Amino acid sequence: MQINPSMIILAREYRGISQYELADGIGMSATNLSKIERGEISLQAEGWASIASQTNLPKQFFSQEAVPPPAEGLFRKREKVPQKLLDSILARGKMVSGHLQLLAKALQLPVPPLPAYQPNAAAMAAELAASWEMEAPVNGLLRLVENKGIAVHSWAFGSERIDSFSLLTNSGHPLICLNNALTGDRQRFSLAYELGRLCPHDEPNAFAAALLMPEQIIRPDLEEGITIKRLMELKQKWKLSMISLLYRSDDLGYLSPNQKRYLLQQFNQLGIRRQEPPELDVKPERPTLLRHLLGSYSSKIKMGNAELAAQLGLHLPEYLTLYA
């Protein structure tokens, strides 16, 4: 079995184990482990067995092809998130992206077509909306994204300060990763944001706003004036957060600086800046494409869950945790 040293890094980051901790666990110096991870020195079979044991992953995991390095500014997040947590979240995304690579190759999945880069966010969003025949307000955005062949993986990131990120497999198949703690309105905006990164665009926030709130369609809804009450009404229609609707109103020239400042003060006074009224909550969607692809692959190779888990380089409980 051909071993890929870079998968050691993925394994320990996935488990939240530092290089020093893993080296100590297998009775090796951190210096030598670092050289092994860089492919500078080899490791004997018993060493690989120790690493597999310490990371609780089967030896097959370490023979997989590595996922390409992600782009800079990968995460849609707030400031000050611990790097160790980000590494662990990204490692899971890379792992699932590797599984998607295997499934795409085995099932001969085409790479989903996306618009080429344009400097104008609104024009690029309009091009995607036209090609996907999207009608705003968009209903079932996650379902639409997966119907277009873009896989989505959702789990608890362990922090509400991180919303999403996206990756490409070696073959160019996209994977969007979402924090399943997101409210439905934040989930929708994060999905659109990641589409802006995948297209790609330099201003994914502007792309998301233009995709979900097209100027010509939303303008009539903004002409009555922007108040907290009106933002509540619009949230129910557009299924986006009140704060997103407020910023879109500002972008389109419906608020003066004083009006915007006053409305933001009201958000703070009412305690709805971070947590909007629960009675207006939008139900989040749940992804299904990866499970469907796994089912198709399982039928093709005529294997049960245990054998399929081994094919993906996982123990069965891990496989069920990821994809149940």
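These legends go with four close-up views of a predicted model.

**View 1. The largest pocket holds about 960 Å³ of space.** Count the residues around this pocket and you get 31, with Arg76, Arg186, Ser241, Ile243 and Arg274 lying nearest the centre. Which helix gives the most to the lining? That's α12, with 5 residues. Other elements join in too: β1 (76-77), α8 (184-198) and α9 (204-212) each supply at least two residues. Sort the lining by class and you find 15 charged, 9 nonpolar and 7 polar residues.

**View 2. Glu276 sits in the loop between α13 (257-270) and α14.** Is Glu276 buried or exposed? Its relative accessible area is 7%, and buried means under 20%, so Glu276 counts as buried. Now look at what the Glu276 side chain meets. One polar contact, at 2.7 Å, goes to the side chain of Lys235. A polar atom of the Glu276 side chain also lies 2.9 Å from the backbone nitrogen of Met242. Leaving aside residues up to four places away in sequence, Glu276 touches Asp185, Lys235, Ser241, Met242, Ile243, Phe267 and Asp281. You've already met two of these names in View 1, where Ser241 and Ile243 are among the residues nearest the centre of the largest pocket.

**View 3. Helix α14 runs from residue 289 to 301.** Its 13 residues reach 18 Å from the first C-alpha to the last, close to the 18 Å expected at 1.5 Å a residue. Which residues of α14 are buried? They are Leu289, Leu290, Leu293, Leu294, Tyr297 and Ser298. Why does the list come in steps like that? An α-helix has 3.6 residues a turn, so residues three or four places apart point the same way. The buried residues of α14 pack against α5, α7 (141-147), β2 (151-155), β4 (174-179), α15 (305-311) and α16 (316-323). Just after α14 comes Lys302, whose phi is positive, near 55 degrees.

**View 4. A search of the whole structure turns up 1 cavity of 30 Å³ or more.** Its volume is about 50 Å³. How do you spot a space like this? Rolling a probe the size of a water molecule over the atoms shows where empty space is left. Around the cavity you'll find Met7, Leu10, Phe61, Gln64, Glu65, Val67, Lys94, Met95, Gly98 and His99. Helix α5 (83-107) gives the most to this lining, with 4 residues, and α1 (6-15) supplies at least two. By class, the lining has 5 nonpolar, 3 polar and 2 charged residues.

Notes:
Residues numbered from 1 in each chain as written. Predicted model: local features only at pLDDT ≥ 70, side-chain atom pairs only at ≥ 80, totals over all residues. Heavy atoms only, no water. 1 Å grid on protein atoms, 1.4 Å probe; cavity = no way out; pocket = protein on both sides within 12 Å on 5 of 7 lines; lining within 4 Å. Points joined across faces, edges and corners; volume = space filled by probe spheres on them. Nonpolar A, V, L, I, M, F, W, Y, C, P; charged D, E, K, R; others polar. Expected span 1.5 Å × (residues − 1). Buried < 20%, exposed > 50% of the residue type's maximum accessible area, 1.4 Å probe, protein only. Contact = heavy atoms within 4.5 Å. Polar contact = N/O pair within 3.5 Å; in protein donor to acceptor, adjacent residues only side chain to side chain.
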